[in-house]
Amino acid sequence: MGNDKRLEYLRSQNKELVKELTHQDYVLNRTKSHLVKQQKGFKLLIELQKAIAFSNDNKDFYESVALLTISEFDMAATYIYEPSISENEYTLLAYNDIGSIEREQGPKKQLESISLPEFSESQEYILINNDSEQNELNSSLKEIFELTSLIIYPVKYDNNIELVIVTGMKNIDTVWFLDLTIEDVRIIEAVAILISSYLRRIEITRLNERDKYKTEFISNISHEFRTPLTLVTGLLDQLRARLSPSLNSEELEKFEIISNNAIRIKELIDQLLDISKIETGTNSLSVKKSNLGELLTRISKSFFPIAKESGIDFRFSYSDSSKETWFDEDKLEKIISNLLSNAFKFTPGKGKIELTLIVEYDGNRSEASISVSDTGIGIPASEKDKIFDRFYQYKPEKNPGTGIGLYLVKTLTEMHHGTINLNSKINKGSVFTVRIPIDYDSYSDEERASADIAEGSSKKEPYNNIGSLKSQEQDLPTILVVEDNEDLNNFITSGLQNDFDIIKAYNGKEGFQYADSEIPDLIITDVMMPFMDGYEMTVKLKDNAKTRHIPIIMLTAKADRESTLLGLESGADDYISKPFNMDELIIKTGNIIRTRKQLKEKYKADFLTSPDESEIPSSNDSLLKDVIELMKENLSEPDFQVNNICKELYISRTQLYRKIEALTGYSPGELMRLIRLKTAAVMFRKDHHNVAQVMYRVGFSNQSNFAKIFKAQSGINPSAYIQKYST
Ligand code: ADP
């Protein structure tokens, strides 16, 4: 081979090599750019998640999507469309393209509303690139969007197209032609999934919010119903009591009907409140030791009149158990009453209804199985699960009702860690069986604890002797009634005015002012009031030295444990739930005033008889403490008077008098004198045997006067006292 030939051969070899190298370089570059693209894709998805978290509204979020596809994913333009009314027509929601900022104007007019090909099951997206078929549709899409390579991807939510993303690139340089590939489609698919999850989140928040409003609405409106209902039932009771001697049986029966209907409305309102408590998760168990047999006997008794009236054979049977039973009495009563009401509602005359209680022991656990069986219309198998749903009614046109009853039954049973089971045959009858644990250990401390709080505050001996309050005291105790509803305020007042002096206030602010200036013996207050509500007023009163000792009864219209607890937490001493019975309010008021009075008397007695200094009252009440301190400090000043205390503590004479009287049973003057005498007695016992010296030390200046007063107090004169007690 000649040199030339060899050279030529090498040259051609070189050429091949360069070609190969160039190709390898191209492949490498492509791979590299794919990798970079993929990395950018991930970055885009991360940024989008941030946008989901921080966007204020949908438009804001879609605009972020468009912008991010450009800034993070190197797209030339992105458009987000939503379907319009006509098929395959879309309206622009948000967009971004690299030129838009410079152009300072929106997209071309024809992009605001466009038609796109239909997306079929087999074709989930459209990818148009250099390899794509050069058909009319593809080129028209390229042209309209002014993109050389593009992806059109639908965002689906619940199988409906919610949005369509159009995004793509514009190649100016045909040498470095970058095409969109299936990998890019996958990234855009991930974007679509993120958007759809965003839509889901929005939907859930919206539903939750709607539900919350609904529940709040139910709770508020039920509350609104309760106040007028209190009035109606209260006035009705009064009217009936007054008129009953002159009414004939027909008229009495009408009263009975009105009364029963009012009770029914109250039950319905309570059910609504129960539901809203369940929905908001604020309903909790309050388990205590109760007698299950007795409870069921009491409930069944209330159904015997209906049974008799409708000719139904109603029986209650139970296997007697002497073991103690633990459960939430209020909730179990609701469960059983609801089941029995349904049984009576759906069982025609001459039928049979049975309530059965069986208590089963299994090792150390015990379980109650309570069943209500009827021979009524029955429930078809297809409905068995549904009837426990909230607001569900089977054939509502035939059964007037609310569809709440069984939902409550089921929820309350489950709260008891129990189960409910239904056995039914159409036209034969139904058996509902509730099983709940009834032993101490089946409930947590928390589930039992809440019962203690409520019980402790409401269980007081009945007070049936209000008259005695009157006869024993010349002055009637003063009660401050704080209630914004004028009718209800008048109603409460009218019930109490025979036994008490009444001051009326119409909101918490006014209530606080009256309490502070008048120092009543007791306050009855509503919760929801303008300017200042009952909780806030209570907290303020308990925070104020002058008024801290005044007992407060709260009228909690919401009738639930939570508002009751809130009331007790704020410092209320007791509560009554609306609608209340006037007698209950009078009894409770009398009770509290009586126990306070007894306390006062005990205090007075102790103070007199006990011989040592510690009995000079050491009080938890800070104002009383201050008063006693002042009195002790000024013991030797004969001129130290009540006026000095008032000045020193910035309170009026009347306020001081009421407060001290309420807590100790003494007037401030009496208390001062008692402290002087007590201190003298203590000194006599401790070897201070000079009567005159001691007398001066405790602020007396006249010896015969001192001897007389001392004798009146202790029964003997000072020198005899020294002889008898000194050590
Ligand atoms: P409602 O207040 O409408 O009675 P419930 O939740 O108590 O609501 O009951 C739901 C549905 O279950 C009722 O509409 C009724 O069709 C059916 N149902 C409940 N108890 C019985 C029963 N003992 N016999 C036949 N059907 C019943």
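What follows is a walk through this structure, from the ligand site to helix faces and loops. The model is a predicted one.

Start at the ligand. A shell of 21 residues surrounds it. The closest include Asn-342, Lys-345 and Asp-374. Gly-403 and Leu-406 are also among the closest. Three polar contacts can be picked out by distance. The side chain of Asn-342 places an N or O atom 2.9 Å from a ligand oxygen. Asp-374 brings a polar side-chain atom to 2.9 Å from a ligand nitrogen. Gly-405 uses its backbone: a polar atom there is 3.4 Å from a ligand oxygen. How much of the ligand does the protein bury? Taken alone, the ligand exposes 540 Å², and the protein buries 97% of that.

Now look at where the shell comes from. Helix H8 (329-345), helix H9 (405-415) and strand E13 (429-437) each give two or more residues to the shell. H8 gives the most, with three residues. By class, the shell holds 10 nonpolar residues, nine polar ones and two charged ones.

Follow the chain just past H8. Thr-347 sits in the loop between H8 and strand E10 (352-362). Is Thr-347 buried or exposed? Its relative accessible area is 7%, so Thr-347 counts as buried, the cut-off being under 20%. Its side chain reaches the backbone oxygen of Ala-343 at 2.5 Å.

Turn to the charged pairs. The whole structure contains 23 salt bridges. Three of them show pairing within a helix. The first to visit joins the side chains of Lys-59 and Glu-63, with N to O at 2.9 Å. Both residues lie in helix H2 (residues 58-71). They are four residues apart there, which means a separation of about one helical turn. Lys-59 is partly exposed, at 46% relative accessibility. Glu-63 is partly exposed too, at 36%.

Helix H6 (residues 249-279) holds another such pair, Glu-250 and Lys-254. These two are also four residues apart, about one turn of the helix. Their closest N and O atoms are 4.0 Å apart. That value is at the cut-off, because a salt bridge needs the nitrogen within 4 Å of the carboxyl oxygen. Glu-250 is exposed, at 54% relative accessibility.

In helix H10 (residues 445-458), the spacing is three residues, again about one turn, between Asp-445 and Arg-448. Their salt bridge has its closest N and O atoms 2.5 Å apart. The two ends differ in setting. Asp-445 is exposed at 58% relative accessibility, whereas Arg-448 is buried at 8%. Salt bridges can also share partners: Asp-274, Asp-330 and Lys-334 are joined into one network this way.

Next, consider helices with a buried side. Helix H14 (residues 534-543) has Gly-534, Tyr-535, Met-537, Thr-538, Leu-541 and Lys-542 buried. Why do these residues share a side of H14? They cover an arc of only 165° around the axis, so they fall on the same side of the helix. The N-terminal end of H14 is capped by Asp-533. A side-chain oxygen of Asp-533 lies 3.2 Å from the backbone nitrogen of Tyr-535.

Helix H23 (residues 718-725) gives a second case. Its buried residues are Pro-718, Tyr-721 and Ile-722. Seen down the axis, they fall within an arc of 100°, so they line one face of H23. Gln-723 and Lys-724 are exposed on the other side.

Finish with backbone angles. Most residues other than glycine have a negative phi. Two loop residues here have a positive one. Asp-74 is not a glycine, yet its phi is near 60°. Asp-74 lies in the loop between H2 and strand E1 (77-83). At 37% relative accessibility, Asp-74 is partly exposed. Asn-427 has a positive phi of about 65°, and it is not a glycine either. Asn-427 belongs to the loop between strand E12 (419-425) and E13. At 64% relative accessibility, Asn-427 counts as exposed. That loop leads back to the starting point: E13 is one of the elements that give two or more residues to the shell around the ligand.

Technical notes
Residues are numbered from 1 along each chain as its sequence is written. This is a predicted model: local features need pLDDT of at least 70, side-chain atom pairs count only at pLDDT 80 or more; totals for chains, interfaces and linings use all residues. Side-chain values use heavy atoms; hydrogens and water are left out. A residue is near a molecule or strand if one of its heavy atoms lies within 4 Å of it. A polar contact is a pair of N or O atoms within 3.5 Å; within protein, one must be able to donate a hydrogen and the other to accept it, and residues adjacent in sequence count only if both atoms are side-chain atoms. Accessible areas come from the Shrake-Rupley method with a 1.4 Å probe; for residues, only the protein chains shown count as cover. Ala, Val, Leu, Ile, Met, Phe, Trp, Tyr, Cys and Pro count as nonpolar, Asp, Glu, Lys and Arg as charged, and the others, Gly among them, as polar. Buried means under 20% relative accessible area, exposed over 50%, partly exposed in between (1.4 Å probe, protein chains only). The arc is that of the directions from the helix axis to the C-beta atoms.
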